[in-house]
Amino acid sequence: MKFRLLSYNIHKGIGGLDRRYRPQRIIDTIKHYAADVILLQEVDDGVPRSRFHRQVDFLGEELGFQHRAFQANVKLKQGGYGNAILSRFPMDEIIDIDLTVPPKKRRRALLVRLHLRSEGHTRSAVIVNIHLGLAGYERAIQSRRLLQNQAITHLRESTPMIVGGDFNDVWASLGRKVFEPAGFQLAAGKFKTFPAAYPVRPLDRIYYRGELKFCSGFGGHTNLAREASDHLPIIADFEILSKQETNSSSQ
């Protein structure tokens with residue numbers, strides 16, 4: 001049972017160079033990579049700069065994703081912005097996990113459980129979308145707080161789980177210090193994604209653990225993607241094992 005996951009800081013649909021709100025560039029970039037599950041950061045909701053669009057629904061409709069979740073993290077004078085998950089698979093158990101470190105900007109993680117169906121089989125996977133803070137100590141606190149949340153600690157280590165998003169991890173230390181000790185492996189994160197026009201920093205990452213096979217990963221680098229946002233997207237292909245495959249592989 002294979003699926004493709006894409007993580008993308010869309011910068012509210014505002015281009016990284018021209019600073020113009022042109023959401024069609026975001027739509028076309030996402031379509032190009034034909035993902036099944038999409039993690040989006042900096043998603044506007046009712047903000048003048050983005051024509052008051054509720055972007056989770058606007059993008060979901062344009063891309064044909066029926067299943068959606070959104071959390072508004074930063075409040076503005078009008079509207080706000082936050083994280084969103086779009087999925088071709090049904091999802092439930094939608095949970096907001098507070099990662100705010102005062103007096104820093106409000107940050108939360110968006111957790112959902114996906115139900116992936118293929119050839120008569122259904123397996124569930126836990127997906128977490130995050131956008132961590134700008135300060136190193138803040139990111140370390142947020143990462144540990146995430147993994148210590150009851151919504152995650154009660155899971156079996158074998159439960160398929162993915163944590164992706166904008167880690168702002170300039171020094172690439174969170175994997176070694178926090179996620180790898182918790183059993184996660186890096187699927188995508190060595191790809192330079194920021195700034196999109198001339199990327200020099202791998203700020204966006206995808207980690208996974210449990211009964212998942214990582215097949216391949218890459219960073220988006222089309223000319224359109226370099227214009228659409230100030231980040232480039234990252235993409236990872238996974239195979240979630242059926243119970244029969246899991247049992248046979250352990251024998």
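**Exercise 1. Find which strands helix α1 lies across, and describe the surroundings of Proline 23.**

*Solution.* Start with the helix: α1 (residues 23-33) lies across β1, β2 (37-45), β11 and β12, and runs at about 155° to β1. Keep in mind as you work that this is a predicted model.

Next, pick out proline 23, which lies in helix α1. Its relative accessible area is 9%, under the 20% limit, so proline 23 counts as buried. Leaving aside residues up to four places away in sequence, proline 23 touches Gly13, Arg51 and Phe58. For a sense of scale, the C-alpha atoms of proline 23 and aspartate 166 are 19 Å apart, with these positions 143 residues apart in sequence.

**Exercise 2. Work out the strand order of the sheet that contains β1, and say which strands stand at its edges.**

*Solution.* Trace the strands across the sheet: six of them follow the order β3-β4-β2-β1-β12-β11, in an open sheet with mixed pairing. The edges are β3 (67-75) and β11 (212-219); each has a single partner strand, so one side of each lacks a neighbour in the sheet. From one strand to the next, the twist averages 20°.

Now zoom in on one pairing. Strands β1 (residues 2-9) and β12 (residues 234-240) run antiparallel and are joined by six bridges. Within this pairing, leucine 6 stands opposite isoleucine 235 of β12.

Side chains link these two strands as well: aspartate 237 and arginine 4 meet in a salt bridge of 2.6 Å, N to O. Aspartate 237 belongs to β12 and arginine 4 to β1, 233 residues apart, so to speak of this pair is to speak of distant parts of the chain. With a relative accessible area of 15%, aspartate 237 is buried.

**Exercise 3. Do the same for the sheet that contains β6, then place leucine 111 in it.**

*Solution.* Here, too, six strands form an open, mixed sheet, in the order β5-β6-β7-β8-β10-β9. Strands β5 and β9 (185-188) take the edges, each with a single partner strand. Neighbouring strands are turned by 25° against each other on average, direction ignored.

One pairing to inspect is β8 (residues 161-166) with β10 (residues 204-209), antiparallel over six bridges. There, valine 163 has tyrosine 207 as its bridge partner in β10.

Leucine 111 lies in strand β6 and is buried, at a relative accessible area of 4%. Its contacts beyond four places in sequence include Ile95, Val126, Ile127 and Ile152.

**Exercise 4. Is threonine 100 buried or exposed, and what does its side chain meet?**

*Solution.* First locate the residue: threonine 100 is in the loop between β5 (91-98) and β6 (108-118). At 17% relative accessible area, threonine 100 is buried. Its side chain makes a polar contact of 2.8 Å with the side chain of aspartate 98. Further along the chain, threonine 100 touches Lys105, Arg106, Arg107 and Arg145.

**Exercise 5. Count the salt bridges and follow those of aspartate 36 and aspartate 57.**

*Solution.* A search of the whole structure gives 13 salt bridges. Aspartate 36 pairs with arginine 88, with the closest N and O atoms 3.9 Å apart. Arginine 88 is partly exposed, at 42% relative accessible area.

Aspartate 57 meets arginine 54 in a salt bridge of 3.0 Å, N to O. Both are partly exposed: aspartate 57 at 28% and arginine 54 at 38%. To finish, place this pair in its network, which links Asp45, Arg54, Asp57, Glu61 and Arg68 by salt bridges.

Terms used
Residues are numbered from 1 along each chain as its sequence is written. This is a predicted model: local features need pLDDT of at least 70, side-chain atom pairs count only at pLDDT 80 or more; totals for chains, interfaces and linings use all residues. Side-chain values use heavy atoms; hydrogens and water are left out. Helices (H or I, at least four residues) and strands (E, at least two) are DSSP runs, numbered from the N terminus. Buried means under 20% relative accessible area, exposed over 50%, partly exposed in between (1.4 Å probe, protein chains only). A polar contact is a pair of N or O atoms within 3.5 Å; within protein, one must be able to donate a hydrogen and the other to accept it, and residues adjacent in sequence count only if both atoms are side-chain atoms. Contact means heavy atoms within 4.5 Å. Two strands pair if DSSP finds at least two bridges between them. Axes are lines fitted to C-alpha atoms, for helices over the stretch in contact, and angles run from 0 to 180 degrees between N-to-C directions. A salt bridge is a side-chain nitrogen of Lys or Arg within 4 Å of a carboxyl oxygen of Asp or Glu.
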